[in-house]
Every structure is written in structure tokens, then in C-alpha cells.
Amino acid sequence: MTVSTRHSSSSTSAPNRKSWWQRPWTGPLLVLTFAFVAFSIPPYLTLDPAKSRVPDPGFAPHYPLLVVHVLCGSVAILSCGFQVWPWFRRAYPGVHRRVGRAYVFAGVLPAGLAGVVIGATSPFGPVARVSNVMLSVLWLLTTIAGLRAARGRRFGDHRRWMIRSFALTLSIMLNRVIGGVLYVILSPRLDSTFHGDENLLVQTIAGIGTWLGWTLSLLIAQWWLDRPQSGGRNSRSGPARVGLRSETGASKVAAGA
Ligand code: HEM
């Protein structure tokens, strides 16, 4: 079934339909994701392990899997910015479907599977390892749940699971911000709290940063989904009223229609 989403996007009678200036987060989010990738990706495009920002943990497959993770993670985070943009979903449902496919199959699935292995062998210590594996597994599960809901035409569930998946994708930026703040706060205590042990300082910052990054993001996403002004859009079984047509499109992608 083909539905004209262009027509629906021009309708002024639909409740909750907002213009781009009423959703001021969309532009900055896109700029932030592009800036994050522009900063993160260059050392890994050289395929030179000496340029990696992650120390070698002494596990041969680590570097090739890290490169796969960074490249596919970039696909996920760049596509995420477009998928959460309501106007874009309504105006370009076909592109939304293709970008949705890229998000799942060229982004989260390969980056998350690689994330499980590089997470378990992380050089940043056991606390960060447990967090990275938890995050990778949750990233994979929320995305697969969103995909299955779309294929089953359960659009309310599809939206809820994908918002959780996007929150985990974007959490990587919060992780880096928290890491920077922790470095500023904790590095002056190197000789006191950390007894001069730089490795302990780095593992503490990485451990706190990675756990806080994704747990806070997930809590914010859940608050967003449960907030009263959602007006019933977020009911588990019912279709999401706003964006229903574009999510119908997303389900067609997932179903390969
Ligand atoms: C959301 C699930 C994710 C998990 C579990 C995860 C996990 C990891 C792990 C374990 C490492 C190796 C460093 C370490 O041992 O701590 C790493 C590195 C990296 N990840 Fe992810 N990651 C995720 C998402 C992303 C996304 C969406 C991007 C977007 C580009 C990304 C970009 C990178 C980059 C660039 C590095 C190399 C370190 C650097 O140069 O800053 N990751 N990630």
C-alpha cells in the first residue's frame, strides 16, 4: 500500500504536527553527529594500528574489529540523526526506509557484533569491559526488537524500541563528554586518590564514563516515551499517531516490501 506522506505532511489539522523550529534539537543533533564522526573516523581510515586511539590489548583480531566497529558505528550514528527527524520521515518516506535499512544492517548489527568482542577485550579494564558488553548486547536487542515490531506492523512498539536503540547509539557522544569532564575533575588527584598510578586513573575514568553514558541516555529515552504530554502516542500496542504513515513505510523496508 502506497500512502502519500507529502500530502499528510502539509495537513495542518493533524495534532502534534510541528514545524522544524518547534523541534529545535533536530539541527544541532545532526551537526553534532557529523562533527563526532569527522573527529573520530580519520585515524581508522589509514588502517594503521599505530594511529589507533585505543591501546593494543594484545589480541590480534582487536584492531580489524575496531575498524569495522568505527566504520559501521559511523553509519549508525549518521543515519540516526535523520531517522529521528519527524519532518524528514514524513517528507521523504522512501529515503527513510533506505536509511533505516542502512542503520540496522550496515550500522548497528555489524558495529554491535564487533562491539561485543572489542568490548570484552578492552584495554580499559574490567569495569569498562562489562559495560561495553552490556551496551553492545542491549544495542543489538533493542534494534532487533524494533525491526521485528516493524515487520509485524506493530508501529507503536516499533517507535518505542527504535527510540531506545537511537538513545544507545547517541550515548557514545555523552560517554566522550563525561570522560572529558571526569578527566578535568580527577587528573589533579593522580598523586593522592590514585597513588600516582596513571593506569588506575584511566580505567576509573573509562569505567565511570562508559556506564554513565548509556544508562543516562536510556533513562532519558524512557522518560521521553513515558512523559504525559505524549498524548497516548506511545502506547505499547497502538500505532504511533504522528508519523504513523512514515513508520508504515519503515515497516515496509524491514519487510522488504
Ligand atoms: C552503542 C554501542 C557501542 C559500543 C558498545 C561501543 C564499544 C566500543 C569499544 C569497546 C571500543 C574500544 C575502546 C574500548 O575498549 O573501550 C570502541 C571504540 C570506538 N567506538 Fe564504539 N561503541 C559503540 C558505539 C559507537 C558508535 C555509534 C560510534 C560512532 C562512530 C563509535 C565509535 C567508536 C570509535 C571512533 C572508537 C575508537 C576510539 C576513539 O578513537 O575514540 N562507537 N567502541
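This note covers the ligand shell, one helix and the nonpolar cores of a predicted model.

1. Basis. Residues are numbered from 1 along each chain as its sequence is written. The model is predicted, with local features needing pLDDT of at least 70 and side-chain atom pairs pLDDT 80 or more, while totals for chains, interfaces and linings use all residues.

2. Ligand shell. There are 25 residues around the ligand (C-beta atom, placed from the backbone, within 6 Å of it). Ser40, Arg53, Gly73, Ser122 and Leu135 come nearest. The shell divides into 14 nonpolar (Ala, Val, Leu, Ile, Met, Phe, Trp, Tyr, Cys, Pro), 10 polar and 1 charged (Asp, Glu, Lys or Arg); the others, Gly among them, count as polar.

3. Shell helices. Helices are DSSP runs (H or I, at least four residues), numbered from the N terminus. At least two shell residues come from each of helix 2 (26–40), helix 4 (62–83), helix 6 (93–120), helix 7 (126–151) and helix 8 (155–186). Helix 4 gives the largest share, 7 residues.

4. Helix 7. Its 26 residues should span 38 Å at 1.5 Å a residue, and the end C-alpha atoms are 38 Å apart, which agrees. The expected span is 1.5 Å times one less than the number of residues. Arg153 follows helix 7, with a positive phi near 60°.

5. Main core. The largest nonpolar core (buried Ala, Val, Leu, Ile, Met, Phe, Trp, Tyr and Cys joined through C-beta atoms within 7 Å) has 32 residues. Buried means 20 or more other C-beta atoms within 10 Å of a residue's own, all placed from the backbone. Ala76, Cys80, Tyr103, Val108, Phe166 and Leu170 touch the most other members. Helix 4 supplies the largest share of this core, 8 residues.

How values were computed:
A residue is buried if 20 or more other C-beta atoms lie within 10 Å of its own, exposed if 12 or fewer, and partly exposed in between; C-beta atoms are placed from the backbone.
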